[in-house]
Amino acid sequence: MKKLFAALLSAAVLLTSVALAETVATGKTTILYSKSQGPYTELFEDAIIPILNAQGYTVEEVETSELLVADQLLQAGEVDVNVEQHSAYAASFNANNNGDLTPISVIPTVPAGVYSVNHASLDEVADGMTVAIPNDASNTARCLAILQKIGWIKLDPSVPIASVSVDDVVENPYNLELIEQKSLTIPVAIQDYDYAAITGSVVYNAGIDASTALATEDIQEHLILQVTVKAENVNTDWAQAIVAAYHSAEFRAYMDRENAPGGKWNALWWIPDELKQAQ
């Protein structure tokens, strides 16, 4: 009888353990996010994590050195979410890595812009000047689009604007030398160029005053920053809680307060229209 009781007790413990494991698996309450040095992670930490905490979620960071590493961790399931990329970057990662990273909600975005420490305005552009641009495909395209917007170059209209490269420049009336360089290194070497086209997160990380931009981009849909998860997690409660937090009245109140002139962000962010309709 003792042996039978022990066996039954062991079976009960095993069944209870399995039930608890299933509960944890289907009712995930700890969210791991990839943390990088930049405005998007900082906004997530300041404004979104408190909303999630109030709903019972525990949100933990995993430090990452760069976006490619963050996406590799996300694809491998070592983190649950990141908030550092636009859909064009996610699509490029998926194509090159057989990935299934999926954007699930737009978030506020810092525009790319043209900056200079050697010239006070765009009007000083002259023949043969140098312009630094990012060397990763999606950001190369967005910065070339800015140069076209201000009339410095013309791009081949038959090529989708999201995928243009320097090879698609069909008119260059100032004979500008377009120098592709890793995004993070452009601010360090900005004094070596006449002008530089720099993405918003890099501007922020480098401590550049965004109000000194000589021109800013018209943000295209594929360049709006996104909450990104693996495809299998799109409809999970925790992923949808993150989406709801960005669309909440609480988040909108935070942005109204801190993105105003004199606030923490000092009007740094461009906010998509759908986030302006707080739920």
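**Stop 1: lysine 230 and aspartate 100**

Select lysine 230 and aspartate 100 in this predicted model. Their side chains form a salt bridge, with N and O 3.1 Å apart. Now trace the chain between the two. Lysine 230 belongs to strand 12, residues 225–230. Aspartate 100 sits in the loop between helix 4 (87–97) and strand 4 (101–106). The partners are 130 residues apart, so the pair links distant parts of the chain.

Is lysine 230 buried or exposed? Its relative accessible area is 11%, and the limit for buried is under 20%. Lysine 230 therefore counts as buried. Aspartate 100 reaches 26%, so it counts as partly exposed.

Why do such pairs form? Side chains of opposite charge can pair when their charged atoms come close.

**Stop 2: lysine 149 and aspartate 218**

Next, pick lysine 149 and aspartate 218. Here the closest N and O atoms of the salt bridge are 3.2 Å apart. This pair also links distant parts of the chain, with 69 residues from one partner to the other. Find lysine 149 in helix 5, residues 137–149. Find aspartate 218 in the loop between strand 11 (215–216) and strand 12.

Check the surface too. Lysine 149 has a relative accessible area of 44%, so it is partly exposed. Aspartate 218 has 54% and is exposed, because exposed means over 50%.

**Stop 3: more salt bridges**

How many salt bridges does the structure hold? There are 10. Select aspartate 273 and lysine 276 for another one. Their side chains meet at 3.6 Å, N to O. Aspartate 273 is exposed at 58% relative accessibility. Lysine 276 is partly exposed at 39%.

Now select three residues together: Glu42, Asp46 and Lys264. Salt bridges link them in a network.

**Stop 4: glutamine 181**

Move to glutamine 181. This residue lies in strand 9, which covers residues 177–181. Its relative accessibility is 15%, so glutamine 181 counts as buried.

Show its side chain. Which side chains does glutamine 181 meet in polar contacts? One is that of threonine 185, at 2.7 Å. Another is that of tyrosine 193, at 2.3 Å.

Then display the neighbours. Leaving out residues up to four places away in sequence, glutamine 181 touches Ile133, Pro134, Asn135, Ile186, Ala189 and Tyr193. Tyr193 is thus in both views: it touches glutamine 181, and its side chain makes a polar contact with that of glutamine 181.

**Stop 5: serine 116**

Jump to serine 116. Look for it in the loop between strand 5 (113–115) and strand 6 (130–134).

Which residues does serine 116 touch beyond four places away in sequence? They are Ile190, Asp194, Tyr195 and Leu214. Draw a line from serine 116 to isoleucine 190, C-alpha to C-alpha. The distance in space is 7.0 Å, although the two are 74 residues apart in sequence.

Zoom in on the side chain of serine 116. It reaches the backbone oxygen of aspartate 194 at 2.6 Å. A polar atom of this side chain also lies 2.9 Å from the backbone nitrogen of histidine 119.

**Stop 6: the largest pocket**

Switch to a surface view. Rolling a probe the size of a water molecule over the atoms shows where empty space is left.

How much space lies in the largest pocket? About 820 Å³. Select Leu67, Tyr89, Asp136, Asn139 and Ser183. Of the 35 lining residues, these are the closest to the centre of the pocket.

Colour the elements next. Helix 3 (67–75), strand 3 (82–86), helix 4, helix 5 and helix 6 (200–205) each give two or more residues to the lining. Helix 4 gives the largest share, 5 residues. By class, the lining has 19 polar, 11 nonpolar and 5 charged residues.

**Stop 7: the second largest pocket**

Finish at the second largest pocket. It holds about 320 Å³ of space. Select Ala210, Ser211, Asn266, Ala267 and Leu268 to find the middle. Of the 18 residues in the lining, these five are the closest to the centre.

Which element gives the most to this lining? Helix 6 does, with 3 residues. Helix 6 also appears in the lining of the largest pocket. Colour the second lining by class: 11 residues are nonpolar, 5 polar and 2 charged.

How values were computed. Residues are numbered from 1 along each chain as its sequence is written. This is a predicted model: local features need pLDDT of at least 70, side-chain atom pairs count only at pLDDT 80 or more; totals for chains, interfaces and linings use all residues. Side-chain values use heavy atoms; hydrogens and water are left out. Helices (H or I, at least four residues) and strands (E, at least two) are DSSP runs, numbered from the N terminus. Buried means under 20% relative accessible area, exposed over 50%, partly exposed in between (1.4 Å probe, protein chains only). A polar contact is a pair of N or O atoms within 3.5 Å; within protein, one must be able to donate a hydrogen and the other to accept it, and residues adjacent in sequence count only if both atoms are side-chain atoms. Contact means heavy atoms within 4.5 Å. A salt bridge is a side-chain nitrogen of Lys or Arg within 4 Å of a carboxyl oxygen of Asp or Glu. On a 1 Å grid over the protein atoms alone, a cavity is a set of points where a 1.4 Å probe fits but cannot get out, and a pocket is an open set with protein on both sides within 12 Å along at least five of seven lines; lining residues have an atom within 4 Å of a point. Grid points are joined across faces, edges and corners, and a volume is the space filled by probe spheres set on the points. Ala, Val, Leu, Ile, Met, Phe, Trp, Tyr, Cys and Pro count as nonpolar, Asp, Glu, Lys and Arg as charged, and the others, Gly among them, as polar.
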